[in-house]
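This briefing looks at the pockets of one protein model and at the residues that line them. Which parts of the chain form these linings, and what is their chemical make-up?

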Amino acid sequence: MSNSEHRYKCRDCGMDFIFCKAEQDYFNTKKLKNPPQRCHNCRVLRRAELSDEQSHHISALVCASCYSLTYVPFKPNGQKPIYCVECYYSRKLELCV
Ligand SMILES: [Zn+2]
Ligand SMILES: [Zn+2]
């Protein structure tokens, strides 16, 4: 277990989620200091709820790798497989495995 990986409990759905190195880097670039309090799915849903944008689109999809349900803040064009955030980051950056 590397110390670059942290597990948190989502305050909305109570599920454990990984706040992985790639996401930590992303948070750092956004100058966000606190770790997320919600899992990826709840964050996407919450952002959509808070958003005024009429165009905001949330799609519920099944991850092409682990088959867990994931939400994405866009409408997939069907051209490429959609991964949940853990699979996405681990495939893309191979930092979260
Ligand atoms: Zn959650
Ligand atoms: Zn997955």
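Helices and strands are taken here as DSSP runs, of at least four residues for a helix and at least two for a strand, and are numbered from the N terminus. The model is predicted, and the points below take its largest pocket and then its second largest pocket in turn.

**Largest pocket**

- The volume of the largest pocket comes to about 800 Å³, and its lining is made up of 28 residues, with H40, R43, V44, R47 and Y89 lying nearest the centre.
- At least two lining residues come from each of α1 (21–29), α2 (40–50), β4 (69–72) and α3 (85–92), and among the contributors α2 gives the most, with 6 residues.
- By class, the lining of the largest pocket holds 17 nonpolar, 4 polar and 7 charged residues.

**Second largest pocket**

- The second largest pocket encloses about 300 Å³ of space, and 19 residues line this pocket, of which M15, C39, N41, V85 and E86 are the closest to its centre.
- Two or more residues of this lining are supplied by each of β2 (16–19), α2, β4 and α3, while the largest share, 4 residues, again belongs to α2.
- The lining of the second largest pocket divides into 11 nonpolar, 4 polar and 4 charged residues.

**Elements that recur**

- The helix α2 is the main contributor to the lining of the largest pocket and also provides the largest share of the lining of the second largest pocket.
- Both β4 and α3 supply at least two residues to the lining of the largest pocket, and β4 and α3 likewise give two or more to that of the second largest pocket.

How values were computed. Residues numbered from 1 in each chain as written. Chains lettered and ligands numbered in written order. Predicted model: local features only at pLDDT ≥ 70, side-chain atom pairs only at ≥ 80, totals over all residues. Heavy atoms only, no water. 1 Å grid on protein atoms, 1.4 Å probe; cavity = no way out; pocket = protein on both sides within 12 Å on 5 of 7 lines; lining within 4 Å. Points joined across faces, edges and corners; volume = space filled by probe spheres on them. Nonpolar A, V, L, I, M, F, W, Y, C, P; charged D, E, K, R; others polar.
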